[in-house]
Amino acid sequence: MTIDFGEQPVHWHGLDSETVAAQLGSDLSQGLSTSVAASRLAQVGPNVLQEAPRRPPLVMLASQFTDFMILVLIAAAIVAGIIGEPQDAIAIMVIVFLNGILGFVQEYRAERAMAALKKMASPQARVIRDGQTGLIDAVDLVPGDLVELEAGNILPADLRLTGLAALKVDESALTGESQAIEKQLASLENPGLPLGDRLNLAYRGTVVTYGRARGLVVATGMKTELGKIAALLSGESGKTPLQKRLARFGRHLALVVLAVCVIIFVAGWLRGEPPLLMLLTAISLAVAAIPEALPAVVTISLALGAARLVRQNALIRRLPAVETLGSVTYICSDKTGTLTQNQMQVDRVLAASETRPGLQGIEGMPWHELGLVMALCNDAVAAADGTLAGDPTETALLEAAQAAGFDKAALQQSLPRVAELPFDSGRARMSTLHRDGEAVLMLVKGAPEGVLALCIDQLDAGGTMTIDRAALRDEAERLAAQGLRVLAFALKRLPAAPDALDAATLEAGLSFIGLAGMIDPPRPEAAEAVAACKTAGIVPVMITGDHPATARAIAERLGIVKPGGRVLTGSELARLSLAEFEREVESVRVYARINPEQKIKIVRALQDQGEFVAMTGDGVNDAPALKMADIGVAMGKGGTDVAREAAAMTLLDDNFATIVHAVREGRRIFDNIRKFVKYTMTSNSGEIWTIFLAPFLGLPIPLLPIHILWINLVTDGLPGLALANELAERNLMQRPPRPPKESIFAHGMWQHILWVGLLMGGVTLLAQAWAIHVASAHWQSMVFTVLTLSQLGHVLAIRSERESLFSQGVLSNRLLIGALGLTFTLQMAVLYVPWLNPIFKTEPLSMGELAVCLALSSVVFFGVEIEKWLVRRGWLYANPQRLPGAIQVRP
């Protein structure tokens, strides 16, 4: 029989088991034959999720040389080689090549690290073929296979359940629902039911927490619900803020370079200078005006940041993602497993009209009976190492009872279970019967409305009292309104074991004991991380598929929303058009009952409002939004492979607080890149002012092309690269995120480049005029030295945008100090090593001339220190948004 596995969807939940088996050409007891399974595997393909093909290493390497800045540098190198300056061409090409190698190595390592992190979600499956049960690789499953499930199994494919025994499945990775779902076999009439309500289906990637089952495979690979979500991840990701800023910077720089070439050449030609000399000088200046180390500094800065973050349990898949976190204004986080522990805990217990946080330290009735029923009316078990296994609700109850000293093993010895009435959705309760001497003690737990209706009295400290069902029902509703899952507990004493286990008879005439409210609690460090985000001007937003009351309760505990704050549900969001939603998206902090498509809508609406959005999450349902967000942050420990593949960064410890470290690192990196741009462009500005102004002051051309190229190489090289190692500015996390469209030259940078460059050029020309005035034969070497040392003093002064070097600590960046020492030594070598003098066209300076050079070059350092003092006083480049304590926390 040939089955058509085409694209036409089938509503499997609406068919009974026999019809499903017939449509799949399978058998409910024998499964498929081995031969049919083999032919079907050839027809439908392996049960795997398709991945985007990885780029070959050569393509990855070639991509490092396609950036606009790199292309400009290559063109400059070619021109420099043509005009007879091969040493400069070689230097530029070496820097370009090294930058490409750095980028390739980091990207290749990131890809390899992610490959090592990924693992098979369900490597094997227990399947029935030819009537025989055996284990096979999950990739070999085909539609029609009959699969057996038990507690702890990860679903290897989408199944239509055909037989079960108290099956519960954790679907939080797919739907966001933190409670395990009790499954059923009956067909469901509504073809449009959401995933979480298709109770006779079980989905790939979800986890069996309780019971056993059999099911027929109805979808494999990309046809599964998990695969459909993975298919949403196609498409190209946009550029990061850093890439956009550098692209703009490269375009502006090209115009400046062209203008410099034209002005210098035309001015010299009009003054009667030799055309070839002016051409060489103009092109040398053009080459110097391009900060060729900028791509290397960016890559090194990002790589160093990525290395630091790995040590802090954050794996960067794409290096620019580190910087993107520094621009983020919103963090949209899934609740389950990200902000919470994904582990139910008893939050409150109520008995004898008293509410307490737990059972610890409480003795006597009815607290003893409450602990007893929580421990014994419970199928969770403790392993040898003390860990608990079973349904999350039952493990939470047993954990709370054990914490209060109720030893289940010892209690089972004294009160052995002799019978039980298992939980079912119709009764919504579970009862266990325990031998207590000659009598039998029946313990009951279940939904409050059902249990209360069966109670005739309630326990208190003195025995029993009249039950007030209305008051107890109000208490249960109050706890539920706080986002807690509420269970009621009762007991009944029987004189002897019953002859028949009839629930209607046995569960009548109960004595009410108390209530327990459970919740998936916040991670201990999550509240502090949320507060840190707010301090940094970042808005945390919770997006979950869970119940609105639960979402609000967790959000209030974490400080994401104020008590009673608004929660927007998925149905409410569905009724809003994108335009309507965009008008209020910035006022919403909590979303509940959200599906994956709506998460994308939330991210898009925020982005349309100019926000930079990070999406954190661990489940499959987070993956599309992780892909669309400016940066996706996945969980590596408890997350899914699909989410990690979509994200730019993976938290290896699943710790929301790690994001705060990443934000800090991203801001520090961008600050250091700004410092390098400020340093190198100011240095180039000084060189341009020196060459440009000299003729108008009646001075000869102060520098030869080899001098310009040498200054460009030694000062932009090691000292500039060492700025990438600069420590974070104080109060880094007390300032708001950068506006997404903010220029890299904002906050006084372009003014600094102009005036400090002019100051640098001025003191250099002053040295030239003084040397010529005193008839020094070494005037050109003095100009050369003053300009070089001025740039070294400048790099010391700009290590911080606000702090003085002396309060910052001269030795706090030892790498920079070492680079300055080496650069100074090289400069002295070209002056005082005899065989270098003809190459660089220099002459040794006397001690007096060198002292003049040192004094004049220090003017730039002290000038910038004065500028920073004015900034600290608020008299220069004042920007209230950038000042410490100026964060405007949005409601």
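Is threonine 550 buried or exposed, and at what relative accessibility? The points below address this question and then other parts of the structure.

1. Threonine 550. This residue counts as buried, because its relative accessibility is 13% and the limit for that class is under 20%. Threonine 550 belongs to helix α20, which covers residues 548-558. Its side chain comes to 3.3 Å from the backbone oxygen of glycine 483. Once neighbours within four places in sequence are set aside, threonine 550 is in contact with Lys335 and Gly483. Glycine 483 therefore appears both as a contact of threonine 550 and as the residue whose backbone oxygen its side chain reaches, while the burial of threonine 550 rests on the 13% value.

2. Nature and confidence of the model. The structure is a predicted model. The mean pLDDT of the protein is 82, and 85% of the residues score at least 70. Among the elements, strand β16 (residues 439-446) has the highest mean pLDDT, at 95, and helix α5 (residues 86-117) the lowest, at 58.

3. Stretches of low confidence. Over residues 113-122 the pLDDT remains under 50, and the model gives this stretch 25 contacts beyond four places in sequence. Residues 234-238 likewise have a pLDDT below 50, with 2 contacts in the model beyond near neighbours in sequence. A reader should keep these values in view when looking at either stretch.

4. Overall organisation. The protein contains 34 helices and 26 strands. Of its 891 residues, 55% are buried. Where contacts join residues at least 6 apart in sequence, 72% of them link residues at least 24 apart. The exposed area of the protein is about 36,300 Å², of which carbon and sulfur atoms supply 60%.

5. Threonine 224. A second threonine is placed in a loop, the one between β7 (207-219) and α7 (225-231). Threonine 224 counts as buried because its relative accessibility is 0%. A polar atom of its side chain lies 2.8 Å from the backbone oxygen of glycine 221, and a polar atom of that side chain also lies 3.0 Å from the backbone nitrogen of glycine 227. Apart from residues up to four places away in sequence, threonine 224 touches Leu49, Asp158, Arg204 and Ala219.

6. Aromatic pairs. The whole structure holds 4 aromatic pairs. In one of them, phenylalanine 861 and phenylalanine 862 have ring centres 5.1 Å apart and planes at 80°, so the pair is edge-to-face. Phenylalanine 861 is buried, at a relative accessible area of 10%, whereas phenylalanine 862 is partly exposed at 46%. Tryptophan 869 and tryptophan 875 make another edge-to-face pair, with 5.6 Å from centre to centre and 90° between the planes. Tryptophan 869 is partly exposed, with a relative accessible area of 37%, and tryptophan 875 is exposed, with 55%.

7. Aromatic cluster. Ring pairs join Phe806, Phe861 and Phe862 into a cluster. Two members of this cluster, phenylalanine 861 and phenylalanine 862, are the edge-to-face pair described in the preceding point.

8. Cysteines. How many disulfides does a search of the whole structure find? The search finds 0. Cysteine 332 is buried, with a relative accessible area of 0%, and cysteine 377 also counts as buried, at 0% relative accessibility.

Conventions:
Residues are numbered from 1 along each chain as its sequence is written. Side-chain values use heavy atoms; hydrogens and water are left out. A disulfide is a pair of cysteine sulfur atoms within 2.5 Å. Buried means under 20% relative accessible area, exposed over 50%, partly exposed in between (1.4 Å probe, protein chains only). Helices (H or I, at least four residues) and strands (E, at least two) are DSSP runs, numbered from the N terminus. A polar contact is a pair of N or O atoms within 3.5 Å; within protein, one must be able to donate a hydrogen and the other to accept it, and residues adjacent in sequence count only if both atoms are side-chain atoms. Contact means heavy atoms within 4.5 Å. Accessible areas come from the Shrake-Rupley method with a 1.4 Å probe; for residues, only the protein chains shown count as cover. pLDDT is the predictor's confidence in each residue, from 0 to 100. Rings of Phe, Tyr and Trp (its six-membered ring) pair if their centres lie within 6.5 Å; planes under 30 degrees apart count as stacked, over 60 as edge-to-face and the rest as tilted.
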